[in-house]
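Good morning, colleagues. Please take a moment with the sequence and the structure on the screen before I begin.

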Amino acid sequence: MEITDIIRQENLVYAKSPLLTDNIMHYCPGCSHGVVHALIAAVIEEMGVQDRTIGVSPVGCSVLAYNYLDIDWAEAAHGRAPAVATGISRLHPDKYVFTYQGDGDLASIGTAEVMHACNRGENIVIVFINNAIYGMTGGQMAPTTLVGQVTATTPYGRDVKLNGFPMKITELLAQLDGTGYVTRQAVHTPLAIRKAKNALRKAFENTKKDKGTSFVEVVGTCSSGWKMTPAEANRWMVENMFPKYPLGDIKDI
Amino acid sequence: MKGNEVIAEAAIRCGCDGYFGYPITPQSEIMETLMLREPWKETGMVVLQAESEIAAINMVYGAASCGKKAMTSSSSPGISLKQEGLTYLAGAELPCLVVDVVRGGPGLGTIQPAQSDYFQATKGGGHGDYHLLVLAPASVQEMNDFVALGFELAFKYRNPVMILADGVIGQMMEKVQLAEPVPRWTDADIERLSGDWALTGKKERRQRHISTSLELDSYKQEIFNHKLQAKYRLMEANDARHEELSCADADYLFIAYGSSARICQKAVQLCREQGIKAGLLRPITLYPFPKAPVQAAGRRVKGILAVEMSAGQMVEDVRLAVNGVTPVEHFGRYGGVIPTPEEVVDALKKQIIGA
Amino acid sequence: MAKIRGAIVVDTERCKGCDLCAIACAFKVLGLSREVNGKGYHYSEMVQPEACTGCANCALVCPDSVITVYKVNVNN
């Protein structure tokens, strides 16, 4: 059997979601953002809510997400996406509203906004990409940077005396009564990706069941910031990030 | 009614969709009134107390990006916190209303009224070449009128509009004729009025909408800036507003806005009683500044006194407009102190007539 | 048992040569090309096409969604 016999429309089993635009993503080779974008696109497509979903992309590597997912988007100031999403969600209760934030955006400058949006139990989904670094600006330390981890602003490894401790923001948010579903996922293997997609699907469905804010952290890699190949980055993530940021559902009321 | 309460009432009646606020003296009554009135039961209007002024202005950004009538209010220090949000709103060409009840600064300052935020309001307190359209109410009636007018201008120019009041206007009580209630916009209204940009969910028949002020390509960003500047020229041409009292035969002119204008009305009366032909030109829009009428007055009078509860900020715009044709001086008490009409008359005599 | 044959199509111009698909493939079907695409990246290609079962793991892990997967039952 020739390859050309296999490659036929009727034999198609997997293709890029039509919700992903044709724009080439600016992300570095192997970056987890691209995988999470594809998952969100697939979830929105399967739920058939492209015309009722509004995304909020704050400053960070993923601010340009609005060039890749074919839905309506609001670009937000650094750290303020949960507030922008609150404004949209409160005035469009029928819409699916989600933010797509990095660790610097959510756990550093935007800590107050994410805390209070979750505390109010806004009916939104917060997608939080934790790669322990500021990617867009060239690899500086983030609140989730691990002790001893080398970054552009911790050239000798993060020192708790100087920079404090890595922040487990997701566990903090799970303490707030306003959050309903809080989970930590990863996208480094096919199995992890399938789990992450189910988690995202559940998060989106939850916002219509008045169960409070859905929060999906995705522990991801930043091969350029970590100065590793994508494969090495995945291994380093498993060995170093997962012990500090264990995967799995943290809260599910 | 009290100025601040009228803002709340006017917001409900003009079909405002969302108010996002934060407590700060001297304007907390606006949110208190809204919470008491519970407009969500009546019109469905959302009222939300945010965790900070920064969060509040970003909630306004979210609501405005949906083509809805969104507003916030604060006082000087809070408005300083909102500057980044305001320049994002201007950069994304999003209409909204921001009420600033000014208090004495700088820093924590005082809770007494002042007008020392003129620069911040009219020259743009945030980064980049942008302006807010700034309306300066001088009465509780104008506090009512400028809410509906503010939203109208905001959507006309797709630009944030600021109501620059001060503690006096916000806290004082006066008779007021409230506007007739207007229903909130339906989704169909928004589709008709703002369908080409509002975030309403990407339909089959249209491209996705993106509310953003980000443009990495500097040539495109320059073109966008030209577009903004053209918008401001339009504002100057069509919506610069002012009022003139006893100016026709005036030898001397007071130029003042807001509560200072009220004080100058009395000063004009006192001058006239002493045989000094004085008049008052009151800017109603601080941006766009009423250049033409000030220019014209400059050619007619022997001298102009700009009266502001600040160290002199609007006076610069007056000088720019007058361009040296006649002397322009500034008089003001600041730090929250309110001048008396008599002081204003003395200042005119000393700084202009006697000079 | 019906033998399953799969095949993939890689958008070679958009592939960034991150190699994650090759790692994810249980049957060692994929590898990076010797040539480079317009951006200078070695792109992913089927080096052992007959081993492909069309399981789509490669497409799942691809950050740039450049892989399309086909599968067919071969009854011999």
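**Chains, fold and two local views**

Let me begin with a pair of chains that are not in contact: chain B and chain C do not touch, and their nearest C-alpha atoms are 20 Å apart. Please keep in mind that this is a predicted model. Two pairs of chains are in contact, and of these, chains A and B share the most contacts.

I turn now to chain A as a whole. Its secondary structure comprises ten helices and eight strands. The radius of gyration of chain A is 18 Å, close to the 18 Å that the globule rule gives for 253 residues, so chain A is as compact as a globular protein of that length. Measuring tape aside, the C-alpha trace of chain A extends over about 60 × 45 × 30 Å along its principal axes.

How much of chain A is buried? Of its 253 residues, 61% count as buried. The contacts tell us about the path of the chain: among those between residues at least 6 apart in sequence, 68% join residues at least 24 apart.

As for the surface, chain A exposes about 9,000 Å², and carbon and sulfur atoms supply 55% of that area. Chain A carries 23 positive and 25 negative side chains. The centres of these two sets lie 6 Å apart.

Let us look at one residue of chain A in detail. Ser214(A) belongs to strand β7, which covers residues 213-219 of chain A. Is Ser214(A) buried or exposed? Its relative accessibility is 0%, and the cut-off for buried is under 20%, so Ser214(A) counts as buried.

Which residues does Ser214(A) touch, if we leave out those up to four places away in sequence? They are Ile124(A), Val125(A), Ile126(A), Tyr181(A), Ala203(A), Asn206(A) and Thr207(A). One of these partners, Ile124(A), is 90 residues from Ser214(A) along the chain, yet their C-alpha atoms are separated by 6.4 Å.

Finally, I move to chain B and its helix α4, residues 53-65. At 1.5 Å a residue, the 13 residues of this helix should span 18 Å; the end C-alpha atoms are 18 Å apart, which agrees. Helix α4(B) is also mostly covered, with twelve of its 13 residues buried. Among the buried residues are Glu53(B) and Asn58(B), together with Ile57(B), Met59(B), Val60(B) and Tyr61(B). The buried set also includes Gly62(B), Ala63(B), Ala64(B) and Ser65(B).

Thank you for your attention.

Definitions and conventions. Residues numbered from 1 in each chain as written. Chains lettered and ligands numbered in written order. Predicted model: local features only at pLDDT ≥ 70, side-chain atom pairs only at ≥ 80, totals over all residues. Heavy atoms only, no water. Helix = DSSP H or I, 4+ residues; strand = E, 2+ residues; numbered from the N terminus. Rg over C-alpha atoms; globule rule 2.2 N^0.38 Å. Buried < 20%, exposed > 50% of the residue type's maximum accessible area, 1.4 Å probe, protein only. Contact = heavy atoms within 4.5 Å. Areas by Shrake-Rupley, 256 points an atom, 1.4 Å probe, with all protein chains shown as cover. Lys, Arg positive; Asp, Glu negative; His and termini not counted. Charge placed at Lys NZ, Arg CZ, Asp CG, Glu CD. Expected span 1.5 Å × (residues − 1).
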